[in-house]
Amino acid sequence: GRDELHPISKSATSNWGGMGTTLVDSLDTLWLMGMKDEFWEGRDWVRDNLSHDHVGQVSGFETTIRSLGGLLAAYDFSKDKTFLDKADDLGS
């Protein structure tokens, strides 16, 4: 659920307020690659952990294309209302 992954150092940071940016941004790729188990695992994290209540200052552009776009794409593919509800929360 971290925002940015650093594979070389095997670490992660939450520079975007802990919105799970990389996870949310990758959901559509998981779906398209047929990695449905991983997609549903990501959905469970979104459902159970994603909160926009204490985010702080973020880039409007990055949040729109990565977080909002990722949630809407995941909803479009799966029709799981969890993603639509979280997208609505983010946009509010």
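Which loop does Lys10 lie in? The close-up views below take up this question and a few others, using a predicted model.

**View 1. Lys10 sits in a loop between two strands.** Here you can find Lys10 in the stretch that links strand 1 (4–6) with strand 2 (11–13). Its backbone is worth a look: Lys10 is not a glycine, yet its phi is positive, at about 55°. Most residues other than glycine have a negative phi. Lys10 is also exposed, because its relative accessible area of 77% is over 50%.

**View 2. Lys79 has a positive phi in a loop between two helices.** This loop runs between helix 3 (60–78) and helix 4 (81–91). Lys79, a residue other than glycine, has a phi near 65°. Is Lys79 buried or exposed? With a relative accessible area of 54%, Lys79 is exposed.

**View 3. Helix 1 and helix 3 cross each other.** Two packed helices are described by the angle between their axes and the distance between the axes. For helix 1 (residues 21–32) and helix 3, the axes come within 8 Å and cross at roughly 30°. This crossing is left-handed.

**View 4. Residues of helix 1 and helix 3 meet in a contact.** From helix 1, the participants include Val24, Leu27, Trp31 and Leu32. Helix 3 contributes residues including Ile65, Leu71, Ala74 and Phe77. Charged residues take part as well, among them Asp25 and Asp28 of helix 1 and Arg66 of helix 3. Sorted by class, the contact holds 9 nonpolar, 5 polar and 3 charged residues.

Notes. Residues numbered from 1 in each chain as written. Predicted model: local features only at pLDDT ≥ 70, side-chain atom pairs only at ≥ 80, totals over all residues. Heavy atoms only, no water. Helix = DSSP H or I, 4+ residues; strand = E, 2+ residues; numbered from the N terminus. Buried < 20%, exposed > 50% of the residue type's maximum accessible area, 1.4 Å probe, protein only. Axes fitted to C-alpha atoms, helices over the stretch in contact; angles between N-to-C directions. Left-handed = near helix turned anticlockwise from the far one by under 90°. Contact = heavy atoms within 4.5 Å.
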